[in-house]
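Student: I would like to go through this model with you, beginning with the ligand and then turning to the protein interior.

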Amino acid sequence: MNDADLEIAMDSTVPMSDEDVTAFRNDGWAVVRNVVPREVALHLRDQFFAHKTAAAAVEKERADYVDELKVQHVVHREVTLPATFRAATLSRRMASVAEQLLGVEQVQMFRTSLFEKLPTSDGGGATGLHQDYPYAPVDRSRGLTIWVALGDLPEEMGALRFVEGSHRFGSLGRDEVFRPDNDYVKHRASNERWPLTPPLALAAGDATVHTDLTVHGADPNRSGATRLGLANLYMDPETLYTGAPHPLTDGLGLAVNRPFDHPNFPLLPQSAG
Ligand SMILES: O=C(O)CCC(=O)C(=O)O
């Protein structure tokens, strides 16, 4: 597959039924199969590994994680990823899923991250339970993440798991990464015995989608290979910037209480367009 083929493959829509949309809004998460055609997902995976070998500069984010939690994953932001990724993340296919689930005519990209989870044999660990909302400088909970499996992920590889219905719990604050001494999410999860959705097997290109308030985490990767999840956080373009510090917005000159008007936060093509 070349980049032109990728663009053609992603220039289509993913139809969802009213039942699918209602279930997502009730549960706060969903599995959506074949969001990215298999050959595209495998091409992105190959590109990532080729680029990673060629370019030694791999960004290791969250330097302020407490040390024992750095094993959760390595986060690669879009600026460090091959350009091909952009064609996929800003495609009509991705837009169509986000639009239908958010109930808007157009969505805006907030961020793309590639989560690389090493096997436990190479020191990888679990991803602790958290919500995405408490980290973003946004004035409302109108975002969702489409997390795409880049490669076949059997259950033991540690795809995301969710606390169903937890998008109704409100914002629970920063998790153990920043508050190892006082993690409210962990405290509530253990006191209230929150059940997690069962471990999932995903084929390359399948995705899970979760709202920005849905509590989620991932088991350690107990396979022998690296697990890659391409996580794209899209938002309702009506969302306003609060001015709270954030690595992706600091220094961009965004106006507080205004929409995210900057090329780093592009509007996606309308899938119906
Ligand atoms: O892939 C992971 O382990 C974490 C991903 C995550 O937390 C997210 O996409 O919101």
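Student: How far from an oxygen atom of the ligand does a polar side-chain atom of H216 lie?
Tutor: This is a predicted model, and in it polar side-chain atoms of three residues can be listed with their distances to an oxygen atom of the ligand. For D132 the distance is 3.2 Å, and for W147 it is 3.0 Å. For H216 the value is 2.9 Å.

Student: What percentage of the area that the ligand exposes when taken alone does the protein bury?
Tutor: The reference is the ligand taken alone, which exposes 290 Å². Of that area, the share buried by the protein is 99%.

Student: How many charged residues does the shell around the ligand have?
Tutor: There are 13 residues around the ligand, with T127, H130, W147, H216 and R227 coming nearest. Strand 3 (108-117), strand 4 (127-130), strand 5 (143-149) and strand 9 (227-235) each supply at least two residues of this shell. By class, four residues of the shell are nonpolar and six are polar, while the number of charged residues is three.

Student: Which helix gives the largest share of the largest nonpolar core?
Tutor: The largest nonpolar core has 39 residues, and L144, I146, L150 and Y234 have the most contacts inside it. The largest share of this core amounts to six residues, and these come from helix 5 (residues 92-102).

Student: Which leucines does L150 contact, leaving aside its neighbours within four places in sequence?
Tutor: With those neighbours left aside, the contacts of L150 include A41, R45 and F85. The leucines in contact with L150 are L44, L114, L228 and L230.

Technical notes
Residues are numbered from 1 along each chain as its sequence is written. This is a predicted model: local features need pLDDT of at least 70, side-chain atom pairs count only at pLDDT 80 or more; totals for chains, interfaces and linings use all residues. Side-chain values use heavy atoms; hydrogens and water are left out. A residue is near a molecule or strand if one of its heavy atoms lies within 4 Å of it. A polar contact is a pair of N or O atoms within 3.5 Å; within protein, one must be able to donate a hydrogen and the other to accept it, and residues adjacent in sequence count only if both atoms are side-chain atoms. Accessible areas come from the Shrake-Rupley method with a 1.4 Å probe; for residues, only the protein chains shown count as cover. Helices (H or I, at least four residues) and strands (E, at least two) are DSSP runs, numbered from the N terminus. Ala, Val, Leu, Ile, Met, Phe, Trp, Tyr, Cys and Pro count as nonpolar, Asp, Glu, Lys and Arg as charged, and the others, Gly among them, as polar. A nonpolar core is a set of buried Ala, Val, Leu, Ile, Met, Phe, Trp, Tyr and Cys residues joined through side-chain atoms within 4.5 Å. Buried means under 20% relative accessible area, exposed over 50%, partly exposed in between (1.4 Å probe, protein chains only). Contact means heavy atoms within 4.5 Å.
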